[in-house]
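Student: I'd like a close look at one part of this model, please. Pick a single loop residue, start there and work outwards, keeping the numbers in.

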Amino acid sequence: MKKILLLLSSAFFLSAYGQRTCGTEKKMAAFFASNPQAEANREALKDYLVHNDFTKSKKAGVVTIPIVVHVLYSTTAMNISDAQIASQIKVLNDDFRKLNADFSTVVPFVFQGVAADMELAFCLATKKPDGSATSGVERKSVTSNFNFDDNYYTSSGLPSWDTTKYLNIWVGNISADYLGWAYLPDNAGGTDDGLAIGYKYFGTTGTVVSPYNKGRTATHEIGHYFGLNHIWGDEENSCGTSAGNDGCADTPATKEPYYGAPTFPTNLYACTTSTNGSMFMNYMDYVNDNKMAMFTNNQKTITQNTMAGPRASLLNSNACALLAVDDVEKSNAINVFPNPAVNYISIASPLININEVEIFATDGKLVKKAKVKNETDKIDVKQLPLGTYYVRTYNESGFVKSMKFIKK
C-alpha cells in the first residue's frame with residue numbers, strides 16, 4: 001500500500017510541476033518541413049558552426065545583444081513586472097559570462113576547467129526599429145483563449161521587431177507541453193525567430209514557480225538561438241551517430257536527457273561509462289534550474305561562429321547603447337557561410353555594408369551576380385557544379401573583399 005501511495009504521490013508531483021520540456025525540436029521540425037532549402041542546407045550550416053576557424057582571427061571582446069521583450073497577458077499575473085524582466089536579463093548576463101554565483105557549487109571541479117565565458121552580454125533595447133526611444137519592453141492584453149503557441153508573433157499577438165537587429169523574446173501563457181523554445185540559426189531573420197517562454201519560467205521573482213525559478217529556461221533556450229544543441233544531439237538513444245552528437249567534444253555524450261536533481265557522478269544515461277560521468281549540469285540538459293550552471297569551450301566556439309555567420313547582423317544593431325563591437329576587425333568580420341555550401345550561401349558583414357556579390361569559378365568565369373542587404377539574404381548556388389568558387393563583395397565605394405567557398 002505504501003508503494004502505491006508513493007507512486008501516486010510521484011505521479012501527482014510530475015503532473016503538478018512537470019519535467020523540463022523544450023519545444024525547439026518540434027518548432028525546428030515544422031520549420032524545416034516548410035523550408036526545404038533550409039533543410040537541404042542543414043548539415044552544411046551545422047558543420048560551419050562546429051568547425052569554422054573564425055575564433056582564431058577574432059580579437060577578445062564582449063558583444064552585447066539588444067533584447068526586446070513582448071509581454072502578452074490575459075490576467076494581471078501574466079503581465080509580469082519590469083522587475084521580473086530585469087531579473088531575467090541579469091541571469092542571462094551572469095550565465096553567459098560565467099559570473100553565476102552558483103558556478104563553483106553546482107559544477108564539479110572535474111568539469112570546471114572546460115567551462116567557458118561565452119563573451120556574450122544582453123541589454124534591453126534603447127531604440128525601436130524607427131529610431132525612437134524605448135524601454136525594450138512592450139505589452140498587450142489578449143483574450144483568455146489566446147493561442148500563444150501559434151500566434152505570439154502574429155498581428156493578434158505582438159509582431160517581432162527586426163529579427164536581424166534584435167533578440168525578440170515573447171512571454172505569455174505558453175502551452176503546458178513546454179517551458180519555452182527558441183529557433184536555431186537556420187531560421188535567422190524569420191518573423192518568429194527568437195525566444196518564446198512561459199510567464200512562470202521567466203526570471204527569478206514575481207510569477208516564477210519552482211523548480212524553474214532561477215531563469216535557466218531562458219538561458220537554455222537562448223543557447224539554441226546561438227546554435228547550441230541539446231547534449232544528446234538531435235535524437236535520443238543515438239549514441240555514436242551524427243544524430244547523437246551535439247558537436248562538442250568537451251560535453252560527454254549522453255543518450256537522453258537528465259531530469260530533476262541528479263547526483264554527481266552519474267552514468268545513468270552516459271553513452272560511455274566514465275569516472276566523471278555525465279555533464280548533466282550543462283545549461284543544454286534538462287535538469288532543474290538550480291542544478292545547471294555551465295557552458296563549455298566547444299559550445300562557445302559554436303556561439304562565436306554563429307555570431308560570425310547567421311547572426312552577425314546583431315553586431316551592427318544600434319538598438320542598444322551598450323553594444324561592444326570595437327574589438328572586432330572589419331576585414332575579419334566578413335565571412336561567407338555555410339562553407340562548404342549545398343543550396344545557398346550568405347554573406348556576414350556586420351561592420352561594412354555589402355550590397356553586391358559576384359561569384360567566379362576557378363577559371364575566372366563570372367557565374368553569378370546578386371544583390372544583398374544583410375546576413376539573412378540567401379544567394380542560390382544549387383545550380384552551380386560541384387567545386388571551388390570565389391566570392392567578390394562590393395559596397396557603394398567598390399570592391400571590399402574576396403573569399404573562397406566550396407560547393408558540395
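**Starting from one loop**

Tutor: Let's start at S313, which sits in the loop running between α10 (297-308) and β9 (335-337). Keep in mind that this is a predicted model. Is S313 buried or exposed? Its relative accessibility is 2%, so S313 counts as buried, even though it belongs to a loop. What does S313 touch, once you skip its neighbours within four places in sequence? The contacts are T164, K165 and E375.

Now take the two elements that flank the loop. On the helix side, look at N305, which has its place in α10. With 0% relative accessibility, N305 counts as buried too. N305 also gives you a handy way across to the strand side: its C-alpha is 9.8 Å from that of F337, although 32 residues separate the two in sequence.

F337 brings us to the strands. β9, β10 and β13 make an open sheet of three strands in the order β9-β10-β13, paired antiparallel. β9 and β13 are the edge strands, each pairing on one side only. Follow the pairings one at a time. β9 meets β10 in the antiparallel sense over three bridges, and a hairpin of six residues joins β9 to β10. Looking along that pair, N335 has A348 of β10 as its bridge partner, while F337 stands opposite S346 in β10. On to the next pair: β10 and β13 (residues 379-380) run antiparallel and are joined by two bridges. There, Y344 stands opposite D380 in β13.

Why is β10 (residues 344-348) described as largely enclosed by the rest of the structure? Because five of its five residues are buried. You can split them by face: Y344, S346 and A348 lie on one side, I345 and I347 on the other, and both faces are covered. Put that next to the pairings and two of the bridge partners we just met, S346 and A348, turn up on one and the same face of β10.

Back to α10, this time for its packing. Two packed helices are described by the angle between their axes and the distance between the axes. α10 packs against α4 at an angle of about 115 degrees, and their axes are 7 Å apart. From α4 the contact takes in Y48, L49 and V50, and from α10 it takes in T301, I302, N305, T306 and A308. By type, the residues of this contact are five nonpolar and three polar, with no charged ones. So our buried N305 is one of the α10 residues packed against α4.

Follow α4 (residues 42-51) and you reach the largest pocket: this helix supplies eight of the lining residues, the largest share. The pocket's volume is about 390 Å³, and 22 residues line it. Which of them lie nearest the centre? Those are K46, D47, V50, N229 and N245. Notice V50, which we met in the contact with α10. The lining as a whole divides into nine nonpolar, six polar and seven charged residues, whereas the contact of α4 with α10 had no charged residues.

One of those central residues, N229, takes us along the sequence to another helix. α9 (residues 216-225) is mostly covered, with ten of its ten residues buried. Among them are R216, H220, E221, H224 and Y225. Just after α9, G227 takes a positive phi of about 100 degrees.

To finish, there is another sheet to set beside the three-stranded one. Here four strands form an open sheet in the order β12-β11-β14-β15, with antiparallel pairing. β12 (366-371) and β15 (398-407) are at the edges with a single partner strand each, so one side of each has no neighbour in the sheet. On average, neighbouring strands of this sheet are turned by 20 degrees against each other, ignoring direction. Within it, β14 (residues 387-395) and β15 run antiparallel and are joined by nine bridges. One of the bridged pairs is N395 with G398 in β15.

Note on methods. Residues numbered from 1 in each chain as written. Predicted model: local features only at pLDDT ≥ 70, side-chain atom pairs only at ≥ 80, totals over all residues. Heavy atoms only, no water. Buried < 20%, exposed > 50% of the residue type's maximum accessible area, 1.4 Å probe, protein only. Contact = heavy atoms within 4.5 Å. Pairing = 2+ DSSP bridges. 1 Å grid on protein atoms, 1.4 Å probe; cavity = no way out; pocket = protein on both sides within 12 Å on 5 of 7 lines; lining within 4 Å. Points joined across faces, edges and corners; volume = space filled by probe spheres on them. Nonpolar A, V, L, I, M, F, W, Y, C, P; charged D, E, K, R; others polar. Axes fitted to C-alpha atoms, helices over the stretch in contact; angles between N-to-C directions.
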